[in-house]
Each structure stands twice: as structure tokens, then as C-alpha cells.
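Visitor: I have a structure to look at, and I would like to understand how the words used for it are justified. Could you show it to me and take me through the reasoning?

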Amino acid sequence: MPLRTKGLTKKAVVAELKKALEQDSKYSDGKILCSMCTGPHPIAKIANRLFLESNLGDPGLFLGSLRLEREAMKRLASLLNGENSVGFLVSGGTEANLMALLAARNAKNISDPEVVLPKSAHFSFTKICGLLGLKPVYANLDNSCRVDSASIQKCLTSKTVAMVGTAGTAELGAVDPIDKLSDIAVRNEIYLHVDAALGGLMIPFLEPSDRSGLTFDFKLEGVKSVTVDPHKMGMTTLPAGGILFRNNRYADCIRTETPYLTEKHQHTIVGTRTGAAAAATWAVFESLGREGFQKITRQCIKLTRLLATKLEAFGYGLVVQPTLNIVAFRSSNSSLLQKKLLQCGWFVSYVPRLDCVRVVIMPHTKKNHIHAFLRDLRDIDR
Ligand SMILES: Cc1ncc(COP(=O)(O)O)c(C=O)c1O
């Protein structure tokens, strides 16, 4: 498809765009039950449009955007008990995890480095190990699909540069025992990175009884960096991943000189990056506040539990009781069931590793969507 010789009119271009948009699924339809992203909060859309020109790759030109990024990251740091932490808004959880493991690798600077990962770690770590030349060593999970800390301990060698725990696994929303991992990290002087891409903007807003035992942040001495994605439960516009380092010492392990730009150094892997996502993230934080996030989290958890209870009443087995906003269940043929649900318009995932159907309840999911899903499920799987 070659580039047109003569351009189209604005009207014709917009008409084509609208046609393409029609083909996209809409969060507001309630049928997307497989994504960890959601429709942006209305204030995020406004902020995003206002800052479309902003490039945080050259922040000296966009001082207002830089201030918003810093303030948003400070809000996140305070949520994660990171008194001295340093953070950046990046393209997503993948880049955030990459920055963390790059810092850990650089900090230790040894040959044939290894990283200890839970078997449930996000697939971004597979890419990252390839990119950074890290050998992944996989630790086993316990019966509740959380990493077994004894297995983590056994995986450590003199080549280990980092270990990873997840606060909200992508497949089940399980939260690893980060407190135990932190103890191991401190004892063995190993860098601990926590991937809280999903849970980081959810766990702090859970009811105290649901939050107990889920400490995952800088309160724990061993935690050196945390990934938290505003473009997931933070309801901001894409792309907005977050990486926070415990302090400058770790952040500076990935500092690069940028001789011809307005700032003389950069920490992020990408150069040019949008300030619009920073503005949108800042705007959602300011607009919702702690109470707003608590309300949204409460609603997601309530619907998750409603779905889990109904599924059990229908006779399906849950893979684990949900901790966050993911329900994973099994039928006699889960793979076929997922295909049938898909044909019926329901976007749910099939997880081969666990042979289950996975449903994610995000802020765009409403009670009537859950009931409609359950009705269709009953019809399909009689
Ligand atoms: C736990 C976890 N880590 C990392 C990622 C990667 O995030 P992204 O797709 O924003 O790069 C995800 C994505 O769903 C995730 O759930």
C-alpha cells in the first residue's frame, strides 16, 4: 500500500478513522474481561489532549510536564512508603521491569548473571532475560500459586543478581509473600524487584482486613524497586507504566549521559516519551484521591467475589480464591469453553499453564455485565 500522491480531505480522513474505530472493541460494552487496561478516566482524556505536544525525553522544554511527572511519582512513592524513592513514568510494565533488572545487573556487574523468578512471573521477564543476557532460574509455587520462598532460597547462587516477586500475577492476581522474599534478599544481599504492575494501585486501597499479609512495598527493607502501572488500575491514558527505585543509588545504575539535550542525563530506556500520560496520571491522582481509588477498588473486589461465588454455585472449580480482581475457573473442557464464550462476544482468556478460563474485573466492568456473562455461560455450558 504505497503512500498517496495527493492527500485526502480532513473529512475523508476522519471518516476512515471512524470506520477503523468501529472495528475496535469498547471497554464500555462490558465484554472485555481479559484485559488489565481499562477505559481512561474522563479527566485523563482531558489532560492527555492538553499535553499532546509534550516530550519528556527533552524535559527542559516541557517544565510543566516534568513537574507533573515528578508530582505523580511522588504520590506513587508515598503510597508505596518510598520516602527517598525515585520514579519515572515509562511505556508500561515491560519497560519498568526491564529498567529494574538492568539496574540490578549493572549494580552487581558480574559475568553470567542469573535472576530468580517465580514460575508465575510475567512473560515480560522472558524478553528481559534475553535482552540483558540474564539466565532465568525458576522458583516453584505453593498450593495457592504464590512463590514458595524456600524454593527461591534454593535457587540463589553466587551468580544471582536479582530476585523477583509479583504483587498481583497476570494470570491469577496472586500476591507472592514479598515479606519473606525481602528477608531472604537482605540476608543474602540480593536485589529484590517487585512487579506490582497490577497490584500496586490496588493493594493500598483494599480494606485493611483484605490487605493484611500483602505488604509488598518499600516498607520492606529488601525491596529495591517496584513496578506499578498507572495504565492498569490507575485508569490513565496509555502508555503509562511506572518504575520506582528505593533511592538514587539504584536509579543511577541506569543513568545515561545525554550530551545534546536540555537535561544532561536520562534514566529511561526510551528517549522520546510522551508527557501527556504524565499529565493524565497526575490528573487522575488529583481527581480521585485516596477515597476515589478506594471506591473503585471496592467495586472491583465486590464484583470479583460475586462472580467467584456464582461460578462455584454453578459447580465450577476455582483455581484459587481471588486475592485481587481476577477469577480463574475450570470446567470439564476449559479451552473449549473459552472458545465458545469468545464466539458469544465475551473476551475471556484461556491459560494453558493452568488449564483454566481467566476473567479480569476492571473498573469498566459493571454488575449487569457480570449477570449477562453468567447467563450466557449457563446457556453455553449446560
Ligand atoms: C504483573 C505484570 N507485569 C508486567 C506486565 C507488562 O505490562 P505492559 O503490558 O504494560 O508492558 C503485566 C501486563 O499485564 C503484568 O500483569
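Guide: Let us begin with a term: a helix here is a DSSP run, H or I, of at least four residues, and helices are numbered from the N terminus. Please keep in mind that this is a predicted model.

Visitor: Which helix gives the largest share of the shell around the ligand?

Guide: That is helix α4, residues 93-108, which supplies three residues of the shell. Among the 13 residues around the ligand, those that come nearest are Gly93, Thr94, Asp195, His231 and Lys232.

Visitor: What makes the pair between Thr94 and the ligand a polar contact?

Guide: A polar contact is a pair of N or O atoms within 3.5 Å. An N or O atom in the side chain of Thr94 is 2.6 Å from an oxygen atom of the ligand, so the pair meets that cut-off. For His231, a side-chain N or O atom is 2.9 Å from a ligand oxygen atom, while for Gly93 a backbone N or O atom lies 3.0 Å from an oxygen atom of the ligand. Of the 390 Å² of accessible area that the ligand has on its own, the protein covers 82%.

Visitor: Why is Leu17 called exposed?

Guide: A residue counts as exposed over 50% relative accessible area, and Leu17, which has its place in helix α1 (residues 10-23), counts as exposed because its relative accessibility is 54%.

Visitor: Which residues form a nonpolar patch with Leu17 on the surface?

Guide: Leu8, Val13 and Val14 form the patch with Leu17, and together the four have about 300 Å² of accessible area.

Conventions: Residues are numbered from 1 along each chain as its sequence is written. This is a predicted model: local features need pLDDT of at least 70, side-chain atom pairs count only at pLDDT 80 or more; totals for chains, interfaces and linings use all residues. Side-chain values use heavy atoms; hydrogens and water are left out. A residue is near a molecule or strand if one of its heavy atoms lies within 4 Å of it. A polar contact is a pair of N or O atoms within 3.5 Å; within protein, one must be able to donate a hydrogen and the other to accept it, and residues adjacent in sequence count only if both atoms are side-chain atoms. Accessible areas come from the Shrake-Rupley method with a 1.4 Å probe; for residues, only the protein chains shown count as cover. Helices (H or I, at least four residues) and strands (E, at least two) are DSSP runs, numbered from the N terminus. Patches are made of residues with over 30% relative accessible area and no salt bridge: like charges are joined within 9 Å, nonpolar side chains (Val, Leu, Ile, Met, Phe, Trp, Tyr) within 5 Å. A salt bridge is a side-chain nitrogen of Lys or Arg within 4 Å of a carboxyl oxygen of Asp or Glu. Buried means under 20% relative accessible area, exposed over 50%, partly exposed in between (1.4 Å probe, protein chains only).
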